[in-house]
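Visitor: Before we go into details, could you walk me through this model and give the reasoning behind each label you use?

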Amino acid sequence: MPALANKTYFNYGGQGPLPSPSLAAITESWQCIQELGPFTGSIWPWLAAQTQGVRGDLAAICGVPPHRLALTENVSSGCVLPLWGLPWQGGDELLISDCEHPGVVAACRELAHREGLKLSTLAVGSIRSVSGEATDAAVLDALEQALSPHTRLVVLSHLLWNTGLVMPIEAVARRLEHHPRHPWLLVDAAQSVGSLPVAAAASAADIYAFTGHKWCCGPEGLGGVALSERILNASRPTLGGWRSLTNENDAGLDGPGGGHDPWHHDGRRFEVATSCAPLMAGLRCSLELLDAVGGAPARLALIRERSSQLWLGLQAIPGLKALLQEPPPAGLVSFELECEGRGHTPASLVEKLGEQGVWLRSLDDPHCLRACTHLTTTSEEVEQLLAALSSLLE
Ligand SMILES: Cc1ncc(COP(=O)(O)O)c(C=O)c1O
């Protein structure tokens, strides 16, 4: 991984580094497109095989059949494209957790503005206990308090990008089944795909949107969204284009006054048009490299070894406080400055660490620093970060 050769990297939750073999696979794929095509009879079967391959891989990760998987460009478009096509009624309520990404929250707010919907908040940000049962009970309790007869959609990330807690998505989905309106469940999977086993959650959610460029260490620009059958039935294409059509030459015009439904009724109804095909080879290569390390549970255990080491080390540094009360359930380790008055802020510490070639990030809410550990994180790197933090705070 060229990105790791010259720095100590803890920003996997922002973007994963691209392995050299994935970069080579992208270049090779681009070469192949030029040799076969770019727009010839020879390229289409090749392109169809590439697309089918990556769709199958991503569907398998999500535990859904391939027809329920739409290829997207990133997490945000995977959330927004199916969401905006749903049949809303004025007064419907969108229940959004207080730990969602600003881009997704803003898209929900804009939707509410256009459709006359109400917004309400699911309070999960103050939950700091890691033990599975206590977290799950606290989330379900918060859900119980926040649901109303008008709730039509719940937005909840699988792995919270700020506190680093794993949400009980299957249990939330089961609870929503018993609500009279059976609200749709939109799950932001930006931090979970590539770091956790996700099949059970992804197949229980209605919209489970992820990207290849974070924990999967694929190239930026290619992600996916797993969709429930009821979303495929209810949601209309929002940014339709030729790839959303069952026949790319047929827009559905059937003579004067008439017409037929031209859209795909599977995940492809949310795919749009020409996109960057070589990225598929890059992502598939990165997924193979992850699989070579082990299955998702084994990989999570390795990720947690390093995040626990970091969490434990943080306990010994005066002035720092890990957000979670126990070692994290995955690879996100967030920690606050206990006394910001001493001239340090999360942003200033991030900058100073960056000057030493150690890269993590700050977050605004809660105001903290976040370091991510992945399979490539070494014990020495964690010690280096801890030593750098200690010396900066002395
Ligand atoms: C939780 C979460 N959601 C959404 C996003 C946006 O991701 P993308 O740029 O792939 O849409 C991010 C990116 O950091 C994220 O962490």
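Guide: Let us start inside the sheet of this predicted model, where Leu 153 stands opposite Trp 184 in strand 6. The chain reaches strand 6 from strand 5 by way of helix 7 (residues 169-177), in a right-handed β-α-β crossover.

Visitor: What makes strand 5 and strand 6 a pair, and in which sense do they run?

Guide: Two strands count as paired if at least two bridges are found between them; strand 5 (residues 151-155) and strand 6 are joined over three bridges, in the parallel sense, and therefore they satisfy the criterion. On strand 7 (residues 207-211), three bridges likewise join a parallel partner to strand 6, and there the bridge partner of Val 187 is Tyr 208. Strand 6, helix 8 (residues 199-204) and strand 7 make a right-handed β-α-β unit.

Visitor: How are the side chains of strand 6 arranged, and are they buried or exposed?

Guide: In a regular strand the side chains alternate between the two faces of the sheet. Here Trp 184, Leu 186 and Asp 188 point one way, whereas Leu 185 and Val 187 point the other way, and all are buried. Strand 6 (residues 184-188) is accordingly described as mostly covered, five of its five residues being buried.

Visitor: What is the strand order of the open sheet, and which strands are its edges?

Guide: Seven strands form the open sheet in the order 2-8-7-6-5-3-4, with mixed pairing. Strand 2 (69-72) and strand 4 (118-122) are called edge strands because each pairs on one side only. Averaged over the sheet and with direction ignored, neighbouring strands are turned by 20° against each other. An antiparallel pairing links strand 2 to strand 8 (residues 223-227) over four bridges, and in it Leu 71 stands opposite Gly 224 in strand 8. Helix 6 (residues 132-146) packs on the sheet, where it touches strand 3 (93-97) and strand 4, and its direction makes about 150° with that of strand 4.

Visitor: Why are helix 2 and helix 10 called roughly antiparallel?

Guide: Helix 2 (residues 20-36) and helix 10 (residues 278-293) pack at an angle of about 150°, with their axes 7 Å apart. Angles over 145 degrees count as roughly antiparallel, and the two helices are therefore given that label. Their crossing is right-handed, and the residues that meet include Ala 25, Ser 29 and Trp 30 in helix 2, and Ala 281, Gly 282 and Cys 285 in helix 10.

Visitor: Why is Cys 217 counted as buried, and why is His 182 called partly exposed?

Guide: The threshold for a buried residue is 20 or more other C-beta atoms within 10 Å, and that for an exposed one is 12 or fewer. Cys 217 has 27 such neighbours and so counts as buried, whereas His 182, with 14, falls between the two limits and is therefore partly exposed. Cys 217, in the loop between strand 7 and strand 8, has a positive phi of about 60° although it is not a glycine. His 182, in the loop between helix 7 and strand 6, is also not a glycine and has a positive phi of about 40°.

Visitor: Where is the cis peptide bond that has an omega of about 10°?

Guide: That bond joins Gly 37 and Pro 38, and Pro 38 has its place in the loop between helix 2 and helix 3 (43-62). A cis peptide bond also joins Asp 365 and Pro 366, where omega is about -5°.

Technical notes: Residues are numbered from 1 along each chain as its sequence is written. This is a predicted model: local features need pLDDT of at least 70, side-chain atom pairs count only at pLDDT 80 or more; totals for chains, interfaces and linings use all residues. A crossover is right-handed if, with the strands pointing away from the viewer, the path from the first strand over the helix to the second runs clockwise. Axes are lines fitted to C-alpha atoms, for helices over the stretch in contact, and angles run from 0 to 180 degrees between N-to-C directions. Angles under 35 degrees count as roughly parallel, over 145 as roughly antiparallel, 65 to 115 as roughly perpendicular and the rest as oblique. A crossing is left-handed if the near helix is turned anticlockwise from the far one by less than a right angle, and right-handed if clockwise. Two residues are in contact if their C-beta atoms, placed from the backbone, lie within 7 Å.
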